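These are my notebook entries from a session with one structure, kept in the order in which I looked things up. I begin with the structure itself.

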Amino acid sequence: MGAIETMNELTEMLGGPLDVEDCSGVLRRMADTFGVAHVSYLGITLPRLSREKPFVATTYPSAWVDRYMDQNYFTIDPVLNVVPRTILPTDWSSFRLRTAQERRFFAEAKLMGVGSQGVSVPIRGRFGETALFTVSTQENPKSWAAFAREYMAAFQIVGFHFHEMILRAHDVAPENTRLSPRERECLTWIAAGKSTEDVATILGISAHTTKQYLETARLKLHALTRTHAVALALSRGLIPPPE
Amino acid sequence: MILTIPAADRAEFPRLIDDMHRLRHEVFSERLNWNVTSNGGRERDRFDDECNPLYLLSVDEAGVLRGSLRLLPTTGPTMLSDVFPELLGGEEPVRSPLIWESTRFCVTQKAAAERSTTGLNATTGELLAGLFELALRSGLMSIISVYDSRMRRILRTAQATPEEFGQAQRIGGVLTHVGNFEVSERMVAAIRASAGITGSVLAEPGEQVRFAA
């Protein structure tokens, strides 16, 4: 399965309700679908959740989680000290490990199966909140670099949808499933059997922008494919039925 | 060379960040007379203070600031959604982890005066090349930006042609456009060609620390 199909499958999965008890189960399915060793989510500042106890969900072995807590690794973990400050997805290979402590931390993580390669994606939300979505593997650096490049958009989208699912599960305002006027317009024309190029011409916009509206609409609806998006939009009365 | 500095790290680059705010005052308040908030000759707004944007700074070999721009993810507050929603003409502000908003694009007078072999100013080219290179690496689909007619002409020269949303409108007397830019290998290649750039303009993490002061 390629990056796009993976992204679509996981986006669909993340459209449903979440049993908060089953977080790691959901993450495990995400890791398996991506074909990576581990996936983690950390809600650093979430609305309505206590700041003293950040929300953690991970597939990491419990032995590592225990070790991490025991050693207070949150004080030296570069993922926690660097990534929440930026908007850039940050590859672990970009961390400069300056102290023996930091090097030992990474060595231990590798030993305990966390993985030697990884990327952490910062998430910013509409409530000004920050979260982190991390993917890690035991792959070699070169194949990891190629994989991460191909899957970066998928990591961004899937991490963001997981975050929205966590917010929904904690009764923070539900995510916006309302289609914008342009999204509605584009989807209506697609429902009428027009191609992307046709829609672009009809609306007087570029193909790229048309694709963008269709993409954001599809992801809002958690639809697997464009056809699925049209079906969902029609069934929910979000677009008028074609004549 | 392009440095990428989150607002949260401003204390590590105090001189450059201060120079950036002073340049923004010079360009947006003094030269362009836009309706911006300045204090002591530094332009800084609530997006700088509350939203932790990412700054792209173009610096020369001696670490002197030549130009800068500011980036915000559209999943959080942006100028387009919070300050200029009327520019969207009834359309909802776009909100996606694959789309960032670029604002406060400016270049020093000294850098702007440099003669270019390609017709596009070197600093402008470097900032645009850095922006799209970074966006591509981050898996983005688009960059969205609000700009005036002068910037619009510069973007044409750079071959960074946007899709324009809605109708340009006068805001505080300034004719303002909203553009949506495709992030792609093609876009990066076109900008590099216009600017005569070959290869990355982004500083490696190790290189950046040399400019900390």
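Entry 1, a pair across the chains. Which residue of chain B forms a salt bridge with Arg85(A), and how far apart are the closest N and O atoms? I looked this up in what is a predicted model, and I found that the partner of Arg85(A) is Asp9(B), with the closest N and O atoms 2.5 Å apart. I then placed both ends: Asp9(B) sits in the loop between β1 (2-6) and α1 (14-31) of chain B, while Arg85(A) sits in the loop between α4 (78-82) and β3 (90-91) of chain A, so this pair joins two chains. I noted the accessibility of each end as well, and Asp9(B) counts as buried because its relative accessible area is 14%, with the limit for buried set at under 20%. Arg85(A), with a relative accessible area of 32%, is partly exposed.

Entry 2, the interface as a whole. I next asked how many residues each chain brings to the contact, and I wrote down 34 residues from chain A and 37 residues from chain B. The area buried between the two chains is about 2,800 Å², and carbon and sulfur atoms give 57% of that area. Within what chain A buries against chain B, I found that Arg85(A), Ile87(A) and Arg124(A) supply 22%, which is more than any other three residues. Arg85(A) therefore appears in my notes twice, as a member of this trio and as the salt-bridge partner of Asp9(B).

Entry 3, polar links and the elements involved. The rule finds four salt bridges across the interface of chain A and chain B, and I also recorded 16 residue pairs in polar contact between the two chains, both residues being at pLDDT 80 or more. On the side of chain A that touches chain B, the elements that give two or more residues are α6 (141-169), α7 (181-191) and α9 (207-220). The largest share comes from α9(A), with seven residues. Sorted by class, that side of chain A has 12 nonpolar, 12 polar and 10 charged residues.

Entry 4, Arg66(B) and its partners. How many salt bridges does the rule give over all chains? I noted 25, and turned to one in chain B, where Glu114(B) forms a salt bridge with Arg66(B), the closest N and O atoms being 3.2 Å apart. Glu114(B) lies in the loop between α4 (109-112) and α5 of chain B and Arg66(B) in strand β5 (residues 65-73), so the pair ties together parts that are 48 residues apart in sequence. Glu114(B) is partly exposed at 34% relative accessibility, whereas Arg66(B) is buried at 17%. Arg66(B) has a further partner, since its side chain is joined to that of Thr123(B) by a polar contact of 3.1 Å.

Entry 5, Thr123(B). I followed that contact to helix α5 (residues 122-137) of chain B, where Thr123(B) is found. Is Thr123(B) buried or exposed? At 0% relative accessibility, Thr123(B) counts as buried. Leaving out residues up to four places away in sequence, I listed its contacts as Ser58(B), Arg66(B), Gly67(B), Val107(B) and Ala111(B).

Entry 6, a pair within one helix. Asp19(B) and Arg22(B) form a salt bridge with the closest N and O atoms 3.1 Å apart, and both residues lie in helix α1 of chain B, three residues apart, about one turn of the helix. I added that Arg22(B) is partly exposed, at 39% relative accessible area.

Entry 7, the nonpolar cores. The largest nonpolar core has 73 residues, and those with the most contacts inside it are Met30(A), Phe34(A), Phe133(A), Phe155(A), Phe162(A) and Leu187(A). The largest share of this core, 14 residues, comes from α6(A). I looked more closely at Phe162(A), which, apart from neighbours within four places in sequence, is in contact with residues including Leu14(A), Cys23(A), Met30(A) and Tyr41(A). A second, separate core of 35 residues includes Trp100(B), Phe132(B), Tyr147(B) and Ala158(B).

Entry 8, chain A overall. I closed with the secondary structure of chain A, which comes to 10 helices and five strands, and noted that 51% of its 243 residues count as buried.

How values were computed: Residues numbered from 1 in each chain as written. Chains lettered and ligands numbered in written order. Predicted model: local features only at pLDDT ≥ 70, side-chain atom pairs only at ≥ 80, totals over all residues. Heavy atoms only, no water. Contact = heavy atoms within 4.5 Å. Buried area = accessible area lost by both parts, 1.4 Å probe. Salt bridge = Lys/Arg side-chain N within 4 Å of Asp/Glu carboxyl O. Polar contact = N/O pair within 3.5 Å; in protein donor to acceptor, adjacent residues only side chain to side chain. Helix = DSSP H or I, 4+ residues; strand = E, 2+ residues; numbered from the N terminus. Nonpolar A, V, L, I, M, F, W, Y, C, P; charged D, E, K, R; others polar. Buried < 20%, exposed > 50% of the residue type's maximum accessible area, 1.4 Å probe, protein only. Core = buried A, V, L, I, M, F, W, Y, C linked by side-chain atoms within 4.5 Å.
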